Amino acid sequence: MNKVATIKGVGRTTIITILCETNGFHMVRNIRQLVSYAGLDIVFNESGKFKGKTRISKRGNNRIRECLYMPAL
């Protein structure tokens with residue numbers, strides 16, 4: 001919890017939400033797994049010669065994305 005609390009812009013509510021949704025990081029083994037679980041991984045939209053926009057996948061936990069939105073701004 002101490003490492004999460006040192007992030008600039010992250011408050012008590014955000015810390016509690018992240019810890020509850022990730023079960024205290026017990027099931028997370030690396031940063032890629034956490035990013036994918038939160039739905040913040042990048043999806044490329046391209047096929048053949050077509051190259052579209054890259055965006056986040058939004059397939060993961062929406063509560064983590066909601067609580068990290070304002071600190072990210």
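**Notebook: helices H2 and H4**

I began with H2 and looked for its outward side: the exposed residues Arg12, Thr13 and Cys20 sit on the face turned away from the buried side of this helix. I note here that the model is predicted.

I then listed the buried residues of H2 and found Thr14, Ile15, Ile18 and Leu19. These residues lie on the same side of H2, because the arc they cover around the axis is only 125 degrees. Next I asked what covers the buried residues of H2. The cover includes helix H1, residues 2-5, and H4.

I followed the chain past the end of H2. Just after this helix, Asn23 has a positive phi of about 60 degrees.

I turned to H4, which spans residues 62-72. At its start I checked Asn61, where a side-chain oxygen comes to within 2.9 Å of the backbone nitrogen of Arg63. For the interior of H4, I recorded Ile64, Arg65 and Cys67 as the buried residues. I looked up their packing partners and noted H2, helix H3 (31-38) and strand E2 (50-56). H2 thus appears among the elements that the buried residues of H4 pack against, and H4 appears in the cover of the buried residues of H2.

I searched for salt bridges and the count came to one. Which residues form the salt bridge? Arg63 pairs with Glu21, and their closest N and O atoms are 3.5 Å apart. The two residues belong to distant parts of the chain: Arg63 is in helix H4 and Glu21 is in helix H2 (residues 12-21), with their positions 42 residues apart in numbering.

I also asked whether each partner is buried or exposed. Arg63 has a relative accessibility of 47%, so I entered this residue as partly exposed. Glu21 has a relative accessible area of 22% and is therefore partly exposed as well. The cut-off for buried is under 20%, so the 22% of Glu21 does not meet it.

Last, I examined the surface around the end of H4. I found a nonpolar surface patch of about 410 Å², made by Tyr69, Met70 and Leu73. Where does Leu73 lie with respect to helix H4? Leu73 lies in the segment after this helix. I entered Leu73 as exposed because its relative accessibility is 71%, and exposed requires over 50%.

Technical notes:
Residues are numbered from 1 along each chain as its sequence is written. This is a predicted model: local features need pLDDT of at least 70, side-chain atom pairs count only at pLDDT 80 or more; totals for chains, interfaces and linings use all residues. Side-chain values use heavy atoms; hydrogens and water are left out. Patches are made of residues with over 30% relative accessible area and no salt bridge: like charges are joined within 9 Å, nonpolar side chains (Val, Leu, Ile, Met, Phe, Trp, Tyr) within 5 Å. Accessible areas come from the Shrake-Rupley method with a 1.4 Å probe; for residues, only the protein chains shown count as cover. A salt bridge is a side-chain nitrogen of Lys or Arg within 4 Å of a carboxyl oxygen of Asp or Glu. Helices (H or I, at least four residues) and strands (E, at least two) are DSSP runs, numbered from the N terminus. Buried means under 20% relative accessible area, exposed over 50%, partly exposed in between (1.4 Å probe, protein chains only). Contact means heavy atoms within 4.5 Å. A polar contact is a pair of N or O atoms within 3.5 Å; within protein, one must be able to donate a hydrogen and the other to accept it, and residues adjacent in sequence count only if both atoms are side-chain atoms. The arc is that of the directions from the helix axis to the C-beta atoms.
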